[in-house]
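Student: I have a structure open and would like to work through it by asking questions. Can we go step by step?

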Amino acid sequence: MMLIPCPWCGPRSQLEFTYGGDATLRRPAADAPEAAWAEYVYLRENPCGPHDELWYHGAGCRSWFSVRRDTRTHEILASSPVAAPLDARVDQPVADPPALRDGQQAP
Ligand SMILES: [Zn+2]
């Protein structure tokens with residue numbers, strides 16, 4: 001069982017979270033070539049080592065946040081709100097979760 005440190009709730013069981021994908025992807029411009037869109041939608045790296053990911057705490061604060069996880073060991077190296085840099089390990093809650101709005105979507 002993996003413990004994931006939510007920036008607002010602290011370490012919780014992985015069962016409370018949903019993986020949201022690669023946090024390093026950047027959406028192409030609306031007028032970008034079709035190849036850029038195909039790469040954005042379909043192609044993914046399969047890193048061996050630290051990887052930045054998006055996670056959703058659906059059974060907790062219902063917030064999205066970033067996690068740096070070592071894909072070899074599943075060790076969580078850092079956790080932070082999406083808008084904050086992923087440069088420090090978070091073992092304790094850092095703040096109140098952001099207010100939820102109806103229809104709020106992933107970042
Ligand atoms: Zn949470």
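Student: Which strand does D70 lie in?
Tutor: This is a predicted model. Find D70 along the chain. The strand that holds D70 is strand 5.

Student: Is D70 buried, partly exposed or exposed?
Tutor: Count the C-beta atoms around D70: there are 14 others within 10 Å. Buried needs 20 or more, and exposed needs 12 or fewer. The count of 14 falls in between, so D70 is partly exposed.

Student: How far apart are the C-alpha atoms of D70 and P50?
Tutor: Along the chain, D70 and P50 are 20 residues apart. D70 is also in contact with P50, and with G49, E75 and L77, once neighbours within four places in sequence are left aside. In space, the C-alpha atoms of D70 and P50 are separated by 4.1 Å.

Student: How many bridges pair strand 4 and strand 5?
Tutor: Strand 4 covers residues 50–56, and strand 5 covers 64–70. One place to look is E53, which stands opposite V67 in strand 5. The two strands pair in the antiparallel sense, and the number of bridges is seven.

Student: What is the order of the strands in the open sheet?
Tutor: The open sheet has four strands, with antiparallel pairing. Strand 3 (18–22) and strand 6 (76–81) are the edge strands, as each pairs on one side only. The twist averages 30° from one strand to the next. The order is 3-4-5-6.

Student: Which residue stands opposite P5?
Tutor: Turn to strand 1 and strand 2, which pair in the antiparallel sense over four bridges. A hairpin of three residues joins them. The residue opposite P5, in strand 2, is P11.

Student: What pattern does the protein follow along the sequence?
Tutor: List the elements: one helix and six strands. Now read them along the sequence. The pattern is β-β-β-α-β-β-β.

Student: Why does W55 count as buried?
Tutor: W55 sits in strand 4. The cut-off for buried is 20 or more other C-beta atoms within 10 Å. W55 is buried because its number of such atoms is 25.

Student: Which residues is W55 in contact with, leaving aside neighbours within four places in sequence?
Tutor: V82 is 27 residues from W55 in sequence, and their C-alpha atoms are 9.6 Å apart. V82 is not on the contact list of W55. That list is I4, F17, Y19, G20, F65 and V67.

Student: Which residues make up the largest nonpolar core?
Tutor: In soluble globular proteins, nonpolar side chains tend to be buried together. Here, strand 1 and strand 5 each give two or more residues to the core. The core has seven residues in all: I4, C6, W55, C61, F65, V67 and I76.

Student: What share of the 107 residues is buried?
Tutor: W55 is one of the buried residues. Take the whole protein of 107 residues. The buried share is 15%.

Student: Is R62 buried, partly exposed or exposed?
Tutor: R62 lies in the loop between strand 4 and strand 5. R62 is not a glycine, yet it has a positive phi of about 55°. With 13 C-beta neighbours inside 10 Å, R62 counts as partly exposed.

Student: And H74: buried or exposed?
Tutor: H74 is found in the loop between strand 5 and strand 6. H74 has a positive phi of about 65°, although it is not a glycine. With 11 C-beta neighbours inside 10 Å, H74 counts as exposed.

Key
Residues are numbered from 1 along each chain as its sequence is written. This is a predicted model: local features need pLDDT of at least 70, side-chain atom pairs count only at pLDDT 80 or more; totals for chains, interfaces and linings use all residues. A nonpolar core is a set of buried Ala, Val, Leu, Ile, Met, Phe, Trp, Tyr and Cys residues joined through C-beta atoms within 7 Å. Two residues are in contact if their C-beta atoms, placed from the backbone, lie within 7 Å. Two strands pair if DSSP finds at least two bridges between them. Axes are lines fitted to C-alpha atoms, for helices over the stretch in contact, and angles run from 0 to 180 degrees between N-to-C directions.
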